[in-house]
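Dear colleague,

I am passing on the structure below, together with some notes on its charged side chains. Please read the notes with the coordinates open beside them.

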Amino acid sequence: MQIKEFKIKWGMVIDIDKCTGCGACMVGCQVENNIAPMTKNDPYNYVQALTKDRDEASNKLKTLTWMNVYELSNGQAFPDHETAYLPRPCMQCGNPACVPVCPVIATDKNEEGGIVSQIYPRCIGCRYCMAACPYHARYFNWWDPLWPEGMDKGLSPSVSVRPRGVVEKCNFCHSRYLDAKNEARQNDEDPMNLADGAYNTACAEICPTKAITFGDLNNPEHAVHDLAKGPNAFRLLEKLGLAPQVYYTSEREWVRKQGDNYNADGGGHGAPSNSHG
Amino acid sequence: MDSKLFPEGVQRCSFGQFLIWTAVILGFFTWGLYAAVLVLYNGIGTTGLDNYFGFGAWITFDLAVIALGAGAFFTGLLKYILKIKQLEKIINLTVVVGFICYSGAMLVLTLDIGQPGRAWFGYWHPNVHSMLTEVIFCITCYCTVLIIEFVPLVLEQKQLNKIPFIHALAHNMHVNMALFAGLGAFLSTFHQGSLGGMYGVLIGRPYAFREGFFIWPWTFFLFVLSAVGTGPVFTVLVATFMEKLTGKKLVDYKTKALMGKIAGTMLSVYMFFKIIDTWAWATGYLPSVGLTFDDMFYGLVYGKWLLYTEIIICGVIPAIMMITPSIRNRPAMLYIAAILACIGVSINRYVFTVQTIAQPALPFDSWQVYAPNWVEYASSIMIVAYGFLVLTLVYRYLPLFPQERELNN
């Protein structure tokens with residue numbers, strides 16, 4: 001197995017025991033990255049009337065949610081029942097399943113801190129990367145992006161708006177990384193050795209319980225370096241060998257077990273209580 | 001009215017009947033065209049696909065028709081390279097069926113990609129590590145080869161062939177056809193294999209992922225074998241369907257039985273490896289990643305019955321039927337075996353496309369069920385209608401079946 005390693009490895013450690021499932025990370029991500037809300041009617045498309053309506057936000061399988069929150073259950077009956085919430089950004093895998101399958105190199109894992117990038121103007125929309133990603137971290141633009149009147153004034157000028165027909169995904173708020181590097185250069189600091197917190201993602205910043213910590217996994221001065229090596233740290237689907245750069249931590253054993261493929265006893269699969277956030 | 005255009009010495013239905021038949025086909029075609037226009041104008045949000053099922057009915061349809069169209073390259077290989085003379089009785093039909101399947105698949109792909117205007121990026125920015133890049137290159141090159149193989153048949157049209165230049169051109173193209181048959185066999189083998197490889201390399205999808213031989217996963221070879229094990233008999237089914245429809249004998253049974261024998265042999269080899277592959281996957285790979293065989297199946301739409309139907313009813317049984325001379329030589333039995341084999345390869349392509357991504361890789365996720373909507377059905381039917389239309393025109397005006405005159409006198 002070939003794991004791509006770079007000097008800087010941006011990563012995340014998410015403390016599931018601190019996460020309340022409030023969804024603020026999802027909202028922060030949506031606003032930061034110019035993700036269009038789902039709107040049922042397109043006033044500019046008259047041909048829409050001939051076919052089905054556009055999907056609205058209630059259709060969770062067609063929404064764009066680069067950050068998604070899953071609800072976990074220990075499967076026990078009351079009073080032993082427990083739930084947990086698992087925020088899921090793109091895992092920025094060290095051995096990504098999505099990168100080698102793309103026919104046009106629209107996605108790549110590169111020196112930019114090991115972040116898996118997506119080049120929207122090059123994507124042909126074949127969705128092979130979506131089929132490859134077991135984390136469902138890639139999203140397709142099913143409809144032309146449409147902002148309700150006035151909301152378009154709040155778009156971030158740093159992030160491109162993606163057209164219909166391309167695949168998009170979380171990129172650890174890459175524009176913030178560029179801003180942080182520029183600021184370091186202006187202050188005569190080394191952009192390749194950013195201080196902990198100089199570059200932070202929107203989801204980590206907005207999290208009210210500080211469940212998400214972001215930083216350079218290779219830098220001992222960054223909090224994530226030690227957190228990722230904690231006794232309760234784990235990664236999703238470790239056994240498949242994709243080597244994610246997102247770590248989770250929980251003191252609860254049943255949560256840690258659900259993170260990997262410890263379902264040889266049939267636990268987890270098909271359980272109706274577990275659903276998309 | 002158009003009888004002067006018919007091939008030499010054959011009878012065709014009246015022009016009125018022909019028009020009615022064509023109008024029915026065009027009806028289906030227009031319905032699909034309407035769906036296709038909606039897809040291109042509004043985007044593929046109009047389909048039943050979603051973020052869970054990026055691949056669905058179209059990709060299943062694509063893979064199935066490409067496998068069934070494999071009769072063209074494999075029969076061409078046997079006829080032109082291995083010099084099996086008997087196959088010249090059906091070679092024209094295999095080329096036409098192959099052309100329809102491949103060009104139809106490319107039409108579906110145009111609808112399936114989110115940015116059809118960027119389809120050429122596959123050549124401009126190729127990722128040499130992607131199996132899909134290999135598919136893009138091979139499918140277009142092989143489709144070109146099929147067009148080159150189709151052209152002499154068109155040039156042999158009775159009126160066209162009276163022109164000396166066209167006559168000479170057709171003759172010379174025939175002389176050099178072995179070159180294209182060889183090229184086509186090479187391209188199509190890689191193309192069929194790459195389609196299998198597309199799934200075999202999905203390291204995050206335990207249903208499809210397979211360990212490899214050199215740089216290819218096992219599925220590369222399994223897809224090639226399953227295609228050559230069913231493609232030839234699909235051509236036999238098309239010929240037989242045309243015979244029932246026209247009330248004429250078009251291909252002698254000896255040729256059909258030979259095609260059955262070839263397909264049966266290849267299907268037997270395929271089943272041998274497919275069973276070993278399934279066993280190794282269930283007892284070796286799945287436990288190694290903490291999964292069980294049972295985890296791979298769910299409910300009715302993704303049930304184990306699909307696997308057993310594919311391997312036993314539509315795999316082992318038709319393979320035995322086709323390699324046993326006493327069964328193969330009975331027309332009804334051969335046709336039943338052929339239908340089973342074609343269903344089997346279609347199930348295989350369905351489970352590799354849909355079940356692979358329906359299976360929740362995340363342990364806390366749940367199975368999702370995919371159902372195509374009318375837009376996907378209609379556009380797929382458009383391709384079938386397109387195939388009917390091409391076959392109708394070819395049968396009426398071109399010398400498709402060299403034996404037709406002698407068999408019907």
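Asp17(A), Glu82(A) and Arg252(A) are joined in a network of salt bridges, and I should say at once that the model in which this appears is a predicted one. Within that network, Arg252(A) forms a salt bridge with Asp17(A), and the closest N and O atoms of the two are 3.2 Å apart. The pair connects distant parts of the chain, since Arg252(A) sits in the loop between strand E10 (246-249) and helix H6 (253-259) of chain A, while Asp17(A) sits in the loop between strand E1 (10-15) and helix H1 (24-32) of chain A, 235 residues apart. Both partners lie between the buried and exposed classes: Arg252(A) is partly exposed because its relative accessible area is 22%, and Asp17(A) is likewise partly exposed, with a relative accessible area of 33%.

A further pair in chain A is that of Asp42(A) and Arg54(A), whose side chains meet in a salt bridge at 3.8 Å, N to O. Asp42(A) and Arg54(A) are each placed in the loop between H1 and strand E2 (68-73) of chain A, so the pair ties together parts that are 12 residues apart in sequence. Asp42(A) counts as buried because its relative accessibility is 12%, and Arg54(A), at 6% relative accessibility, counts as buried too.

In chain B, the side chains of Arg12(B) and Glu404(B) meet in a salt bridge of 2.7 Å, N to O. Here Arg12(B) belongs to the segment before helix H1 (15-42) of chain B and Glu404(B) to helix H15 (residues 404-407) of chain B, so that parts 392 residues apart in sequence are tied together by the pair. Where do these two side chains stand, buried or exposed? Arg12(B) has a relative accessibility of 11% and therefore counts as buried, and Glu404(B), at 3% relative accessibility, also counts as buried.

To put these pairs in context, a search of the whole structure finds 20 salt bridges over all chains.

Not every charged residue is paired in this way, and I would also point you to a negative surface patch, which is formed by Asp179(A), Glu183(A), Asp188(A) and Glu189(A). One of these residues, Asp179(A), lies in helix H3 (residues 174-186) of chain A, and it counts as partly exposed because its relative accessibility is 44%, which is over the 30% that a patch residue must exceed.

With best regards

Conventions
Residues are numbered from 1 along each chain as its sequence is written. Chains are lettered from A and ligands numbered from 1 in the order in which they are written. This is a predicted model: local features need pLDDT of at least 70, side-chain atom pairs count only at pLDDT 80 or more; totals for chains, interfaces and linings use all residues. Side-chain values use heavy atoms; hydrogens and water are left out. Patches are made of residues with over 30% relative accessible area and no salt bridge: like charges are joined within 9 Å, nonpolar side chains (Val, Leu, Ile, Met, Phe, Trp, Tyr) within 5 Å. Accessible areas come from the Shrake-Rupley method with a 1.4 Å probe; for residues, only the protein chains shown count as cover. A salt bridge is a side-chain nitrogen of Lys or Arg within 4 Å of a carboxyl oxygen of Asp or Glu. Lys and Arg count as positive and Asp and Glu as negative; His and the chain ends are not counted. The place of a charge is taken as NZ of Lys, CZ of Arg, CG of Asp or CD of Glu. Helices (H or I, at least four residues) and strands (E, at least two) are DSSP runs, numbered from the N terminus. Buried means under 20% relative accessible area, exposed over 50%, partly exposed in between (1.4 Å probe, protein chains only).
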